[in-house]
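Let's take a walk through a protein together, starting at its ligand and working outwards. Keep the picture open as you read.

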Amino acid sequence: MNVVQTLKDLYPDWLEAASDALAQGDTTRQSLRPQLERFYELLLQSVETEDPTWLDSILYLWVWSQTVTDLNSEDITIIGALQALLDTMLDVARARLTEAEALQLMEALRPYWFHMMEYAANQEMRARLDHTVAELERIQRELERLDKSKSDFISVAAHELKTPLTLIEGYAAMLRDALEPIDPQLKSQIAPMLEGIFRGSERIREIVDDLTDVSLIDNNMLKLAYQPVWLGQIFRALADELAPVLEERHLTLKIHRFPGSERMIFGDLERLRQVFRNLLTNAIKYTPDGGKITIDGRLLPGFIEVRVSDTGIGIAPEDQQRIFDKFGRVGDPRTHSSGKTRFKGGGPGLGLPIAKGIVEAHGGSIWVESPGYDEEKCPGSTFHVLLPLREEQPDAEKGSLFAKLAAYIKKGEQP
Ligand code: ADP
């Protein structure tokens, strides 16, 4: 049997049948025809030269001209179309040839169809992957944009809140001064209200400061003022500062001295105090009355590790990363009581992201370990802070590195 000649003979019938099989309306029928004609031409060329790769060009075009919806849909794939074209060929051959001839033709065409299927499947896989990657990239860009607008919003909100807050604080202070010469009875009535205004505005000031810090950290604009610090001193100062709250909540704070806690390192005193204040106020907030908070640590090569542990409600494994994201508080905000040191007293969820930003700006890292969340059993949490053991001003460090480099260059050596 001359396969090429047989194919040529079957062409008009196949073209009709294939257009019917694939097209779903007159317009698609019209636009499909030239494609099918080209396909058949290439099939003939492949069979004539015994080289199936002639068909690759049209298959490539078909696969890559599919839209994302085509690729995502289950039924319309090029593989499916190829299957339909092969079925039509079989139908036409059976109608026009003897059964034996039809089978012989199909047998002859088998390697070509096999190649087409394999090639189309490969390309389709690639096209799907490409589309998926593009889609993921789009989502990533969208998330980045959202994060950027969240961060812009924080910075604008913090800025806008500062001015009215300053006004409230200013007028309240003036009112307090103006009360001095007034009748003592009136004064004793008004003084507690004023106190309330002061407490409220102080809390807003803290939140505004936190928002400002978050936006500085987000925009990589946190500047550290390096100076000699002793971590032990920071812990003891915080213990004094928090003593009234600890007493009120019947909590004990135990500070262990450890190699490293009494060692002088370079760091930003105020910022490091802020880190440990945030960790300690959290430990207070999330530990029921009567619980225990412990600070200890150890000296590691090049680092000091501090551990702040509590006997509190603990943190679920799935939340242990998230709490370091801004507004990454756990649970429903409505169920939190407000108040900075009350049990489970919520805040805006900025304490840990700020602590993380500060620790990372120092070149360190922070993480938490906890067996899980359980308000009954109180498994506790341990926050780890790893700080570089910096014994010189960071700039001086850079300076000495440059000095070494300079010395090498002077001697004509490679570093
Ligand atoms: P905030 O306390 O203002 O909500 P933070 O950033 O300080 O925000 O903490 C984020 C969340 O991490 C808290 O809402 C709380 O769910 C959880 N968390 C932090 N510290 C502890 C702790 N010591 N024990 C249990 N949960 C904690």
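How far does a backbone N or O atom of Leu-352 lie from an oxygen atom of the ligand? The distance is 2.8 Å, which falls inside the limit for a polar contact (a pair of N or O atoms within 3.5 Å; within protein, one must be able to donate a hydrogen and the other to accept it, and residues adjacent in sequence count only if both atoms are side-chain atoms). The protein covers 96% of the 530 Å² of accessible area that the ligand has on its own. Accessible areas here come from the Shrake-Rupley method with a 1.4 Å probe, and for residues only the protein chains shown count as cover.

Before going further, a word on what you're looking at. This is a predicted model, in which local features need pLDDT of at least 70 and side-chain atom pairs count only at pLDDT 80 or more, while totals for chains, interfaces and linings use all residues. Residues are numbered from 1 along each chain as its sequence is written, and side-chain values use heavy atoms, with hydrogens and water left out.

Back to the ligand. Tyr-286 has a polar side-chain atom 3.1 Å from a ligand oxygen, and a polar backbone atom of Gly-351 is 3.3 Å from an oxygen atom of the ligand. Three elements each give two or more residues to the shell around the ligand: helix H9 (269-285), helix H10 (351-361) and strand E9 (381-388). Helices (H or I, at least four residues) and strands (E, at least two) are DSSP runs, numbered from the N terminus. In total, 19 residues surround the ligand, and the closest are Asn-282, Lys-285, Asp-310, Gly-349 and Leu-352. To be near the ligand, a residue needs a heavy atom within 4 Å of it. Sorted by class, the shell has ten nonpolar, six polar and three charged residues. For that sorting, Ala, Val, Leu, Ile, Met, Phe, Trp, Tyr, Cys and Pro count as nonpolar, Asp, Glu, Lys and Arg as charged, and the others, Gly among them, as polar.

Now stay with helix H9 and look for Gln-274, which lies in it. Gln-274 is buried, with a relative accessible area of 12%; buried means under 20%, exposed over 50%, and partly exposed in between (1.4 Å probe, protein chains only). Its side chain makes a polar contact of 2.8 Å with the side chain of Asp-213. Not counting residues up to four places away in sequence, Gln-274 touches Asp-213, Ile-354 and Ile-358, where contact means heavy atoms within 4.5 Å.

Helix H10 is also home to Ala-361. Ala-361 is partly exposed, at 36% relative accessible area. Its C-alpha atom is 7.7 Å from that of Leu-224, although the two residues are 137 residues apart in sequence. Leaving aside neighbours within four places in sequence, Ala-361 is in contact with Leu-222, Leu-224 and Tyr-226.

Let's zoom out for a moment. The protein has eleven helices and nine strands, and 38% of its 415 residues count as buried. Among contacts with a separation of 6 or more, 74% join residues 24 or more positions apart. The protein exposes about 23,900 Å², with carbon and sulfur atoms supplying 56% of it.

Next, head for the start of the chain. Tyr-11 lies in helix H1 (residues 3-22) and, at 24% relative accessibility, counts as partly exposed. Apart from neighbours within four places in sequence, Tyr-11 is in contact with Glu-37 and Tyr-40. Leu-97 sits in the loop between helix H5 (78-96) and helix H6 (99-179). With the same kind of neighbours left aside, Leu-97 is in contact with Met-1, Thr-6, Leu-10, Ala-102 and Leu-105.

Which residues of helix H3 (residues 56-64) are buried? They are Asp-56, Ile-58, Leu-59, Trp-62 and Val-63. These residues cover an arc of only 165° around the axis, which puts them on the same side of H3; the arc is that of the directions from the helix axis to the C-beta atoms.

Finally, a backbone detail. Most residues other than glycine have a negative phi. Glu-50, in the loop between helix H2 (26-49) and H3, has a positive phi near 55°. Glu-50 is exposed, with a relative accessible area of 65%. Asn-220 also has a positive phi near 55°, and its place is in the loop between helix H7 (184-218) and strand E1 (227-230). Asn-220 is exposed too, at 70%.
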